[in-house]
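The report below reads one chain through its helices, its enclosed spaces and a single strand residue. Please keep the sequence and the model in view while following it.

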Amino acid sequence: MRTTTPAVPALRRREILGAGLTAALLPLSARAQAFPSRPVTLVVPFPAGGSVDLIARLYAEPLSKALGTPVVIDNRAGAGGSIASAQVARAKPDGYTLVVSSQSSHLANPLTQANPGYDPIKDFLSISQLARSINVLLVNPAVPAKTFKEFVALVKSRPGELNFCSAGPGSMGQLNVELMKSQLQLNATHVPYRGGGPLVTALISNEVQFGLDNLAPFLPHIQAGKLRALAVASPTRVAALPDVPTFTELGYPVLNTTSWIGLAAPAKTPPEVIAALHKAVRSVAEQPAMVEGLVARGSLAPEAQSPAQFTAMMSERLALYGEMVKRAGIRGE
């Protein structure tokens with residue numbers, strides 16, 4: 001005799017299906033709720049005291065409060081930021097090991113180093129900007145140029161004689177000046193240094209005559225009269241330097257681009273973890289105390305970009321500077 005399986009009532013079937021769907025979603029939900037359950041490490045790929053490190057430390061405490069877990073700064077200097085960036089690219093993609101990215105590590109290095117060990121777009125998921133760094137064109141006071149116009153005339157009258165500094169071959173300091181040279185048809189000699197500290201000392205001692213780099217480490221020396229600022233790359237004039245014009249005011253908007261400092265995670269980090277980190281960073285970035293702290297360090301509040309918008313901006317910058325690097329034949333260490 002043939003037996004038949006009793007029919008399952010429609011309501012009961014819906015309950016079973018609903019239970020199955022809930023079970024399938026549990027790991028995702030639990031994972032989102034669990035993050036973060038332990039300290040988050042922000043790897044700074046440069047020594048302590050530089051502009052990237054200063055911004056990372058400014059965010060550490062308030063970001064710890066926003067995430068509800070300790071945020072630890074880990075300085076790992078080397079190869080202009082490439083060594084630590086490559087290490088984070090290979091780290092477990094769980095949101096607990098992040099890199100404080102910048103135009104040095106995620107733009108200059110990939111464009112100028114033969115093998116930095118990572119791709120800034122493919123190997124990372126950008127989370128959010130932390131700050132926009134104002135760039136400043138500055139000279140030693142011994143340089144007989146009190147304005148940008150006088151500076152350009154001086155360099156053109158002495159081709160190849162004036163030296164400019166950077167934090168190393170292929171660094172953003174070099175790329176910034178090379179872009180200015182190409183726009184203004186200038187001829188000057190590059191003198192690379194190993195990091196921001198020696199660079200500042202070289203400018204103050206007139207070992208080199210000018211530079212175009214992040215304002216933060218130079219601002220106290222400008223205010224003390226040890227260095228002279230001629231132009232800033234900023235949306236508006238800098239409150240601490242009200243008499244210094246922007247490059248846009250001077251007629252060179254292409255030079256008026258701020259540098260960015262941001263936060264990135266290894267590729268394949270779960271989207272819900274990226275979303276949680278982005279939300280936390282944005283909540284901190286919008287606090288008045290953070291905006292004031294950034295301004296005090298010669299920086300600007302970050303743009304309110306989504307991770308996708310941040311990545312698109314990076315791609316555009318890589319294309320812009322990439323063409324210039326090829327034309328100038330710039331190579332990093």
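In this predicted model, the buried residues of α5 pack against β5 (135–139), α6, β8 and β9 (228–233). Helix α5 itself spans residues 148–157, and its buried positions are F148, F151, V152, L154 and V155. Viewed down the axis of α5, these buried residues fall within an arc of 160°, so they line one face of the helix. The face of α5 turned away from that buried side carries the exposed residues K149 and S157.

Helix α10 can be described in the same terms. Within its residues 288–296, M290, G293 and L294 are buried, and because their directions, seen down the axis of α10, fall within an arc of 100°, they line one face of the helix. On the face turned away from the buried side, α10 carries the exposed residues P288, A289, E292 and A296. The partners against which the buried residues of α10 pack are α2, β4, α9 (271–285) and β11 (299–300). Just after α10, G298 takes a positive phi of about 75°.

Strand β4, one of the elements packed against by the buried residues of α10, covers residues 124–133 and includes L125. Is L125 buried, exposed or partly exposed? With a relative accessible area of 31%, L125 is partly exposed, because buried means under 20% and exposed means over 50%. Leaving aside residues up to four places away in sequence, L125 touches L263, A264, A265, P266, A267, K268, T269 and I274. L125 and A308 are 183 residues apart in sequence, yet their C-alpha atoms are 8.9 Å apart in space.

The model also holds a pocket and a cavity, whose volumes and lining classes are set out below.

| Space | Volume | Nonpolar lining residues | Polar lining residues | Charged lining residues |
|---|---|---|---|---|
| Largest pocket | about 880 Å³ | 17 residues | 22 residues | 3 residues |
| Largest cavity | about 80 Å³ | 7 residues | 3 residues | no residues |

The largest pocket, with its volume of about 880 Å³, is lined by 42 residues, of which F46, S104, A167, G195 and G196 are the closest to its centre. Which elements each supply at least two residues of this lining? They are α2 (51–67), α4 (103–112), α6 (172–184), α7 (196–204), β8 (210–214) and β10 (259–266), and α7 gives the most, with 5 residues. Two of these elements, α6 and β8, also appear among those against which the buried residues of α5 pack, while α2 is one of the partners of the buried residues of α10.

A search of the whole structure finds 1 cavity of 30 Å³ or more. The largest cavity is lined by N135, N176, L179, L212, A233, F247, V254, L255, T257 and Y321, and no charged residue takes part in that lining.

For the chain as a whole, there are 11 helices and 11 strands, and 50% of the 333 residues count as buried. Among contacts with a separation of 6 or more, 78% are accounted for by residues 24 or more positions apart. The accessible surface of the chain comes to about 15,400 Å², and 57% of this surface belongs to carbon and sulfur atoms.

Methods:
Residues numbered from 1 in each chain as written. Predicted model: local features only at pLDDT ≥ 70, side-chain atom pairs only at ≥ 80, totals over all residues. Heavy atoms only, no water. Helix = DSSP H or I, 4+ residues; strand = E, 2+ residues; numbered from the N terminus. Buried < 20%, exposed > 50% of the residue type's maximum accessible area, 1.4 Å probe, protein only. Contact = heavy atoms within 4.5 Å. Areas by Shrake-Rupley, 256 points an atom, 1.4 Å probe, with all protein chains shown as cover. 1 Å grid on protein atoms, 1.4 Å probe; cavity = no way out; pocket = protein on both sides within 12 Å on 5 of 7 lines; lining within 4 Å. Points joined across faces, edges and corners; volume = space filled by probe spheres on them. Nonpolar A, V, L, I, M, F, W, Y, C, P; charged D, E, K, R; others polar. Arc of directions from axis to C-beta.
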